[in-house]
Amino acid sequence: MYMTFRWFGPSDPISLTYIRQIPGVRAVVSALYDLPVGAPWPRERLERLAADVGAADLKLAVVESIPVHEDIKLGRPNRDRLIANYCESVRAMGQLGISVLCYNFMPVFDWMRTDLELPLPDGSTALAYDDRALAAVDLRRGTGDLPGWAAAYDAAELQALLAAYRDVTAEQLWEHLAYFLERVVPVAAEAGVRLAIHPDDPPWPIFGLPRIICRERDLVRLVGLVDHRSNGVTLCTGSLGALPENDVPAMARRIGALDRIHFAHCRNVRVTGERQFHETPHPSAFGGVDLGAVLSALHSTGFTGPMRPDHGRMIWGERGRPGYGLYDRALGAMYLQGLWEGLTQ
Ligand code: DNO
């Protein structure tokens with residue numbers, strides 16, 4: 001395992017210099033954020049990003065994410081052109097020696113929360129989700145009512161997309177994912193890139209849209225869609241841990257034993273009701289995920305890939321991008337490295 005930290009590019013208020021000062025962090029996770037979804041990533045642009053990171057004595061180790069165009073997820077006729085573009089971006093990664101690609105296959109929305117500043121008893125704030133609050137969101141007004149990072153669609157665009165998904169069942173979404181992977185994995189394999197799908201967050205359908213990467217059996221099915229090492233997963237303990245039936249250490253052992261965990265997002269969550277949870281400090285005592293057991297499982301399967309502390313709370317008066325402040329993520333990075341050190345004695 002090696003510890004990494006997400007950096008949102010030059011507009012991130014957290015500088016690479018600060019990231020470099022977190023003990024043990026020598027690599028970052030980033031992306032080209034200003035390119036339209038579906039466009040191929042020019043190699044020179046990625047090269048420049050890697051050079052900026054390199055100038056701070058860090059390495060660009062993971063791309064998170066190259067977003068998958070909705071037409072691919074919907075299985076629309078022009079998906080072949082979009083998949084070809086995707087393959088071009090993957091090849092560019094390979095040429096630059098960036099070997100892990102985290103992506104997701106969630107329809108319309110990426111990760112979803114209903115409260116970005118839930119106050120915790122210690123005065124910090126954390127991200128939270130409550131299915132009842134989600135039910136009160138009126139999507140006829142576009143994405144304006146949703147927490148800040150969600151893709152911005154105006155009302156008409158959003159309604160058209162939601163209508164298009166009305167005919168797509170979970171099984172069809174699996175077929176569209178298989179179609180995508182059958183074409184991208186061989187390219188990734190040749191380029192020396194490992195794909196790492198991010199589980200759905202939260203791991204259940206939202207707004208009536210199917211979500212298929214939620215449970216252990218889904219991860220097993222995913223890696224079987226194309227049986228190659230380049231077709232793997234991101235073990236996101238917070239996403240998977242929001243579903244009480246998920247035994248995250250067991251998932252880490254099972255998928256890790258197949259050598260298909262290529263990236264680990266490690267954070268904690270506390271489930272407070274049916275489809276209701278909030279994020280917590282990283283250590284196991286604060287949430288429902290036993291991170292000691294997760295890391296022990298990763299260690300026992302010989303995990304050598306990148307890990308990041310994923311999200312943090314807002315603490316010490318920090319204000320910033322929800323979930324992505326400096327301080328609590330840095331504490332998480334230290335905690336996780338401490339656990340790991342204990343396993344390597
Ligand atoms: C949230 C992130 C996700 C992740 C994407 C990967 O904090 O973990 O947005 O980057 O789902 O495509």
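Student: Which residues does V184 touch, not counting residues up to four places away in sequence?

Tutor: V184 touches I83, Y86, C87, V90 and L195; two residues are in contact if their C-beta atoms, placed from the backbone, lie within 7 Å. This is a predicted model, in which local features need pLDDT of at least 70, side-chain atom pairs count only at pLDDT 80 or more, and totals for chains, interfaces and linings use all residues. Residues are numbered from 1 along each chain as its sequence is written.

Student: Which residues have the most contacts inside the largest nonpolar core?

Tutor: L101 and V184, in a core of 91 residues. Helix 7 (residues 170-191) gives the most to this core, nine residues. A nonpolar core is a set of buried Ala, Val, Leu, Ile, Met, Phe, Trp, Tyr and Cys residues joined through C-beta atoms within 7 Å. Helices (H or I, at least four residues) and strands (E, at least two) are DSSP runs, numbered from the N terminus.

Student: Why are helix 4 and helix 7 called parallel or oblique?

Tutor: Helix 4 (residues 79-95) packs on helix 7 at an angle of about 20 degrees, with the axes 9 Å apart. Axes are lines fitted to C-alpha atoms, for helices over the stretch in contact, and angles run from 0 to 180 degrees between N-to-C directions. Angles under 35 degrees count as roughly parallel, over 145 as roughly antiparallel, 65 to 115 as roughly perpendicular and the rest as oblique. Helix 4 and helix 7 are therefore roughly parallel. Their contact includes I83, Y86, C87 and V90 of helix 4 and V184 of helix 7.

Student: What makes helix 11 parallel or oblique to helix 12?

Tutor: Helix 11 (residues 291-300) and helix 12 (residues 327-343) pack at about 50 degrees, with their axes 10 Å apart. That angle makes helix 11 oblique to helix 12.

Student: How do you know whether V108 is buried or exposed?

Tutor: A residue is buried if 20 or more other C-beta atoms lie within 10 Å of its own, exposed if 12 or fewer, and partly exposed in between, with C-beta atoms placed from the backbone. V108 has 21 other C-beta atoms within 10 Å, so V108 is buried. V108 is in the loop between strand 4 (100-103) and strand 5 (115-119), and has a positive phi of about 65 degrees although it is not a glycine.

Student: Why does D57 count as buried or exposed?

Tutor: D57 has 10 C-beta neighbours inside 10 Å, so D57 counts as exposed. The phi of D57 is positive, about 65 degrees, although D57 is not a glycine.
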